[in-house]
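Colleague: Hi! Could you walk me through this one before I head back to the bench?

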Amino acid sequence: GRGLTATSRVWICTFANNQFEVQLGKSLHKSPFHEALQYCKQVALFLDPTASALKRSWCNFELSICIDTPELRKFWEEVQKVFSEQSQTEKKSIRKIALE
């Protein structure tokens, strides 16, 4: 299952970083956020009724680190190929109908 175990690691930004003196490192990719989040295998994003967290660039940055994996990139490349092939087939069908 996907449940947490006694050895599961959980990143909670509020507790992991001093919120009053955030140390970002020399670049965002060297920040403690990136260093920790690049190893995430699961993400839980808790939203209020207006999904206000998605309006904050920092939340989007953290989420992007977690979901930008080689496996996911490969998946989306395959999806893109399927839609590209489907698009080509649809274009040929449209041309055929237009020429009739």
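Modeller: Happy to; we can go through the fold, a pocket, a surface patch and a few single residues. This is a predicted model, where local features need pLDDT of at least 70, side-chain atom pairs count only at pLDDT 80 or more, and totals for chains, interfaces and linings use all residues. Residues are numbered from 1 along each chain as its sequence is written, and side-chain values use heavy atoms, with hydrogens and water left out.

Colleague: Great. How many helices and strands does the protein have?

Modeller: There are 4 helices and 0 strands, giving the pattern α-α-α-α along the sequence. Helices (H or I, at least four residues) and strands (E, at least two) are DSSP runs, numbered from the N terminus.

Colleague: And what percentage of the residues is buried?

Modeller: Of the 100 residues in the protein, 12% are buried. Buried means under 20% relative accessible area, exposed over 50%, and partly exposed in between, with a 1.4 Å probe and protein chains only.

Colleague: Ile65, then: buried or exposed?

Modeller: Ile65 is buried, because its relative accessible area is 9%. Ile65 lies in helix 3, and its C-alpha is 6.3 Å from that of Leu37, although the two are 28 residues apart in sequence.

Colleague: Now pockets. What is the volume of the largest pocket?

Modeller: About 1000 Å³. A pocket here is an open set of points on a 1 Å grid over the protein atoms alone, where a 1.4 Å probe fits, with protein on both sides within 12 Å along at least five of seven lines; lining residues have an atom within 4 Å of a point.

Colleague: Which residues lie nearest its centre?

Modeller: Trp11, Cys40, Gln42, Val43 and Ala44, out of 25 lining residues. Helix 3 gives the largest share of the lining, 4 residues.

Colleague: Does Val43 turn up elsewhere? Put another way, which residues make the nonpolar surface patch?

Modeller: Val43, Leu45, Leu47, Leu54 and Ile67 make a nonpolar patch of about 410 Å². For such a patch, nonpolar side chains (Val, Leu, Ile, Met, Phe, Trp, Tyr) are joined within 5 Å, using residues with over 30% relative accessible area and no salt bridge. Leu45 sits in the loop between helix 2 (32–37) and helix 3 (57–67), and it counts as partly exposed because its relative accessibility is 39%.

Colleague: How many salt bridges are there?

Modeller: The count is 1, taking a side-chain nitrogen of Lys or Arg within 4 Å of a carboxyl oxygen of Asp or Glu. Glu78 pairs with Lys81, their closest N and O atoms being 3.4 Å apart. The two are 3 residues apart in helix 4 (residues 70–99), so about one helical turn separates them. Glu78 is partly exposed at 38%, and Lys81 is partly exposed at 45%.

Colleague: Last one: what is the phi of Ala51?

Modeller: Ala51 has a positive phi of about 55°, although it is not a glycine. Most residues other than glycine have a negative phi. Ala51 is in the loop between helix 2 and helix 3, and it is partly exposed, with a relative accessible area of 22%.

Methods:
Patches are made of residues with over 30% relative accessible area and no salt bridge: like charges are joined within 9 Å, nonpolar side chains (Val, Leu, Ile, Met, Phe, Trp, Tyr) within 5 Å. Accessible areas come from the Shrake-Rupley method with a 1.4 Å probe; for residues, only the protein chains shown count as cover. Grid points are joined across faces, edges and corners, and a volume is the space filled by probe spheres set on the points.
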